[in-house]
Amino acid sequence: MSTTMFRALPRRTLLTGLIGITAALAACGEKPASAPAAKLPETVTIAAISYTYQGKPTFNGLSQVVINQGWLEGELKKKGVALNWLPVPTSVGGPLINEGFAAKRIDFAGYGDFPALIAKSGGVDIRAITSSGQGNNAYLIVRKGLEAKSIEDLKGKSLAIHRGRPWELTLAKLLDSKGLKLTDFKIYNLNPQAAYSALAAGKVDAVFTLSEAILQEDKGAGTIIWSTKSNPEWKMRTGLFARTEFTTQNPELTQLVVNAYIKAAHWASQPENRAAFLELASRGNNPTSVLERDYANEGGDWNDHFSPIIDQGFINHFDDVSKYTFENKLVQKEVASRDFIDPTFVNQGIDELGLTGFWKETPVTGPVQ
């Protein structure tokens, strides 16, 4: 049976099947072949987007929860392995993480779909091993004083977006749904901070970006006229990615890392921890008031925001990203899901931690393609 077929099986079916194989071998007087124990690495390095808070780096989302809980550091220490966190500024996040993976300086990283797939297409062997939840909202904000109510009203006007970032696919889907193309606009390729400055100064008519748009609206720089609240399936996705070489050589350590993120997701999912999680998240670019509205725009139950499950929705999204980046010549090679997504560890972790059914999921309808 192929690895692809294994991944398509329900978690408990796969576990039962493996136990049965082991029992059959034992009945025949044979033992399953075992490889010599590999020497554990001295350090496990995880890269994650970070911000400066009170003079020190604070990490984005669940990574900071993992640090605060201390469970992963303690479990690795028992095995004589140190835990190293690599802070990555958001301005250079994707490229810096991709360089770290390529040079084997990092083993895991939490970041977005576009840069991860670009790395994979370029020959860096990484895989998505958990989801980071439902995804991130995207917003279209127009400058103050501009009478525009929809993307159609912006045709022929200036639109700023940071090209090659995950929310570009969301914009592409919005344009396609309206029969529009990027060439229908004067596109300015600006990083978010430069784009916000241009919007406030009236030098661009609109910006397509993430939740910082809410803060810009609060500052009076413009008005939000569209968001993924109306099309939640178009949101960008993030996850925990890992070097395939590391996961193959160190499955036990990989499982510890994944379990730590599942435990962090479970903590953040508890309604009683909502305020504490938002306080942690507000140490980045957005205050709590903005985060509250951004999460409210996502809809669904609070725990849905943090689901680590790799389900059909996650797979479909990465299929779309792969197709878009290839067709738009952002990458030279289209990446198949089976070479980029590995739900093995998160499935096992959810079983081990007794969290089956805690998060809703879209069942996988077949083998990862």
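**Entry 1: Trp-234**

I started with the contacts of Trp-234 in this predicted model. Leaving aside residues up to four places away in sequence, I found that Trp-234 touches Thr-170, Lys-173, Leu-174, Ser-177, Trp-226 and Thr-228. I then looked up where Trp-234 sits in the chain: the loop between β10 and β11. Is Trp-234 buried or exposed? Its relative accessible area is 14%, so I noted Trp-234 as buried, the cut-off being under 20%. I also took one C-alpha to C-alpha distance, from Trp-234 to Leu-171, which came to 8.8 Å for a separation of 63 residues in sequence.

**Entry 2: the chain as a whole**

I stepped back to the totals. The protein chain has 15 helices and 11 strands. It has 369 residues, and 49% of them count as buried. I looked at contacts between residues at least 6 apart in sequence and noted that 79% of these join residues at least 24 apart.

**Entry 3: the sheet that includes β10**

Since Trp-234 lies in the loop that follows β10, I turned to the sheet of that strand. I read an open sheet of 5 strands with mixed pairing, in the order β8-β7-β9-β6-β10. Which strands stand at the edges? They are β8 (186-189) and β10 (222-227); each has a single partner strand, so one side of each has no neighbour in the sheet. Neighbouring strands here are turned against each other by 25 degrees on average, with direction ignored.

I checked the pairing of β10 next. Strand β6, residues 139-143, runs antiparallel to β10, and 5 bridges join the two. As one such pair I wrote down Arg-143, whose bridge partner in β10 is Gly-222.

Two helices came up when I looked at what lies against these strands. Helix α7 (residues 167-177) packs on the sheet and touches β7 (158-161), β9 (206-209) and β10. The direction of α7 makes about 120 degrees with that of β9. Helix α8, residues 192-200, lies across β6, β7 and β9 and runs at about 155 degrees to β9.

**Entry 4: helix α6**

How many residues of helix α6 are buried? I counted 8 of the 9 in residues 113-121, so α6 is largely enclosed by the rest of the structure. The buried residues are Asp-113, Phe-114, Pro-115, Ala-116, Leu-117, Ala-119, Lys-120 and Ser-121. I then asked what these buried residues pack against. The partners are three helices and three strands: α5 (93-102), α7 and α14 (312-327), with β4 (108-112), β5 (126-131) and β11 (238-243). After α6 comes Gly-123, which has a positive phi near 105 degrees.

**Entry 5: strand β4**

β4 is one of the elements that α6 packs against, and I looked at it separately. It is mostly covered, with 4 of its 5 residues buried. β4 pairs with β1 in the parallel sense over 3 bridges, and I noted Ala-47 opposite Ala-109 in β4. β4 also runs antiparallel to β11, with 5 bridges between them. Here Gly-112 has Thr-238 in β11 as its bridge partner.

**Entry 6: the cavity**

I searched for cavities of 30 Å³ or more and found 1. The largest cavity has a volume of about 30 Å³. Which residues line it? I listed Leu-117, Phe-318, Ser-322, Val-335, Ala-336, Ser-337, Phe-340 and Ile-341. Leu-117 is also among the buried residues of α6. By type, the lining divides into 6 nonpolar residues, 2 polar ones and no charged ones.

**Entry 7: two positive phi values**

Most residues other than glycine have a negative phi. I therefore looked up the exceptions, because of that general rule. Gln-54, which is not a glycine, has a positive phi of about 50 degrees. I placed Gln-54 in the loop between β1 (43-53) and β2 (56-59). Its relative accessibility is 68%, so Gln-54 counts as exposed, the cut-off being over 50%.

Lys-329, not a glycine either, has a positive phi of about 60 degrees. This residue lies in the loop between α14 and α15 (344-352). Is Lys-329 buried or exposed? At 72% relative accessibility I put Lys-329 down as exposed.

Definitions and conventions:
Residues numbered from 1 in each chain as written. Predicted model: local features only at pLDDT ≥ 70, side-chain atom pairs only at ≥ 80, totals over all residues. Heavy atoms only, no water. Pairing = 2+ DSSP bridges. Axes fitted to C-alpha atoms, helices over the stretch in contact; angles between N-to-C directions. Contact = heavy atoms within 4.5 Å. Buried < 20%, exposed > 50% of the residue type's maximum accessible area, 1.4 Å probe, protein only. 1 Å grid on protein atoms, 1.4 Å probe; cavity = no way out; pocket = protein on both sides within 12 Å on 5 of 7 lines; lining within 4 Å. Points joined across faces, edges and corners; volume = space filled by probe spheres on them. Nonpolar A, V, L, I, M, F, W, Y, C, P; charged D, E, K, R; others polar.
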